[in-house]
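Colleague: Before I set anything up on this model, could you walk me through how its strands, domains and ligand surroundings fit together?

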Amino acid sequence: MKTKAAVLWEVNAPWSVEEIELDAPGPGEVLVKIAASGMCHSDEHLTTGDLPFALPIVGGHEGAGVVEQVGEGVSWIAPGDHVVFGFIPSCGRCPSCSTGHQNLCDLGALMGLGLQISDGTSRHHAQGKDLTLMCMLGTFAHHTVVNEASCIKIEKDVPLDKACLLGCGVVTGWGSAVYAADVTPGDTVVVVGVGGIGANAIQGAKIAGAKRIVAIDPVEFKREKAMEFGATHTVSSMAEALPFLQELTWGTMANKVIMTMGVGDGQLMGEAMALAAKRGRVVVTNIHPAFEMGGANMSLLDLTLMEKQLVGSLFGSGNPRADIPKLLGMYREGQLDLDGLVTNTYTLDDINQGYQDMRDGKNIRGVLVYE
Ligand SMILES: NC(=O)c1ccc[n+]([C@@H]2O[C@H](COP(=O)([O-])OP(=O)(O)OC[C@H]3O[C@@H](n4cnc5c(N)ncnc54)[C@H](O)[C@@H]3O)[C@@H](O)[C@H]2O)c1
Ligand SMILES: [Zn+2]
Ligand SMILES: [Zn+2]
């Protein structure tokens, strides 16, 4: 069949919205009519080359839609079912999946290639070439074919243009606070960068009982939004946060620091570590450029003497099959704000405007809506 997709043909180029050819789903695969896709900063890393995935690629990894057709052997989802895609597949059988770490599923190792999990080939084609898929999903398209391991079935009452956010940003941000940082009641928490990920780290920290949440962002609009999501204080840089936290905490500093900037910067790691308390934990969720020069600039003596902790977090260290339905349930009960995350919506044709608005600091999340 033919469908429409945003394809990246080379780095530092705009997304090319064009008609592509889509094959029928093979064994273990699912054809989905996508309803909406969030515009996460991780797709921007494809265009800058910070994430060096194989091109040409159909972008997008934060999507939700309706199943149209299933391939041979797919028994637990059927046409008409609503699904959110997990940006990491979860097979349920590998050591990570079977010990409660689906975010580290062994199938994630295939992500950089962006081909079908089943046989390493492509179902998406354009201009005589095979296309790869961001996170093996390709949600910047009206339809896609993905492996069943990437599909999480959801109830039909939640609007798909909100449910899509659970495929990456909401679980990643919320889990960065609740699971990776392990925020506990009374903590002082710092969130560095208030985009789609940081806004949800703030929501997670609040629900986990943080006493103070200090949000850092250079953009005034982001700092205002941070207060709506539950921040108690805002400042515009980590340099400004240092004396601010010293004053606020009587010198004890932050129990948890969560890094959710647009692009990670190793030269700033010393500043981030300096915001952490004794035994404080710094969580690195933001993506650093693959070929970042100079590594991390930080005091390892301070790490030891203050027993600080530095941890990475992927997909909020969560389990997509458990956490996506759980967080949708919290949205349904009014405990988690998804509506406020969506600043602007766009058609697929307007994707480059959407990313320009992200760069200009205008969006918590921009969402592509297809119907
Ligand atoms: N680890 C994971 O599983 C995972 C998943 C999704 C996204 N990410 C990464 O998380 C990061 C954030 O993604 P997003 O979609 O929220 O991005 P975004 O562009 O929507 O938001 C980033 C925010 O950081 C702010 N910022 C930039 N430099 C800053 C600085 N020096 N200090 C404070 N704030 C600063 C920006 O003003 C912006 O508001 C990206 O690197 C993305 O690739 C990681
Ligand atoms: Zn993402
Ligand atoms: Zn697995």
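Modeller: Bear in mind that this is a predicted model. A convenient place to begin is the pairing in which A254 stands opposite A276 in β16.

Colleague: How many bridges join strand β15 to β16, and in which sense do they run?

Modeller: The pair of A254 and A276 belongs to this contact. Strand β15 covers residues 254-259 and runs parallel to β16. Between β15 and β16 lies helix α8 (residues 269-274), and together the three make a right-handed β-α-β unit. As for the bridges that join β15 to β16 in the parallel sense, the number is five.

Colleague: Which residue of β17 stands opposite V284?

Modeller: Strand β17 (residues 309-312) pairs with β16 in the parallel sense, over four bridges. β16 itself spans residues 276-284, and seven of its nine residues are buried. Opposite V284 in β17 stands G312.

Colleague: Is strand β12 enclosed or exposed, and how do its side chains point?

Modeller: In a regular strand the side chains alternate between the two faces of the sheet. In β12, T188, V190 and V192 point one way while V189 and V191 point the other way, and all of them are buried. Because five of the five residues of β12 (residues 188-192) are buried, the strand is, with respect to the rest of the structure, largely enclosed.

Colleague: Which residue in β15 is the bridge partner of V192?

Modeller: β12 is joined to strand β13 (residues 212-216) by five bridges in a parallel arrangement, with T188 opposite R212. The chain passes from β12 through α5 to β13 in a right-handed β-α-β crossover. β12 also pairs with β15, again in the parallel sense, over four bridges, and there the bridge partner of V192 is M259.

Colleague: Turning to the open sheet of six strands, which strands stand at its edges, and why is one side of each left without a neighbour?

Modeller: The order of this sheet is β8-β7-β2-β1-β4-β9, with mixed pairing. Each edge strand has a single partner strand, so one side of it is left without a neighbour in the sheet; these strands are β8 (129-130) and β9 (132-133).

Colleague: In β2, what is the bridge partner of A6?

Modeller: Strand β1 (residues 2-8) and strand β2 (residues 16-22) run antiparallel and are joined by six bridges. Within β2, A6 has as its bridge partner V17.

Colleague: Which helix gives the most to the side of domain 1 that touches domain 2?

Modeller: The domain assignment gives domain 1 as 2-167 + 338-369 and domain 2 as 173-314, and their C-alpha centres lie 28 Å apart. The contact takes 15 residues from domain 1 and 14 residues from domain 2. On the domain 1 side, the residues divide into six nonpolar, seven polar and two charged. With three residues from the stretch 41-48, the helix that gives the most to that side is α1.

Colleague: Which elements give two or more residues to the shell around ligand 1?

Modeller: The ligand is surrounded by 31 residues, of which the closest are H41, G193, G195, I197 and G262. By class, the shell has 14 nonpolar, 15 polar and two charged residues, and at least three residues come from each of domain 1 and domain 2. The elements that give two or more residues to this shell are α1 and α5.

Definitions and conventions
Residues numbered from 1 in each chain as written. Chains lettered and ligands numbered in written order. Predicted model: local features only at pLDDT ≥ 70, side-chain atom pairs only at ≥ 80, totals over all residues. Pairing = 2+ DSSP bridges. Domains from an automatic or database assignment. Contact = placed C-beta atoms within 7 Å. Nonpolar A, V, L, I, M, F, W, Y, C, P; charged D, E, K, R; others polar. Near = placed C-beta within 6 Å. Buried ≥ 20, exposed ≤ 12 C-beta atoms within 10 Å, placed from the backbone. Right-handed = clockwise from strand over helix to strand, strands pointing away.
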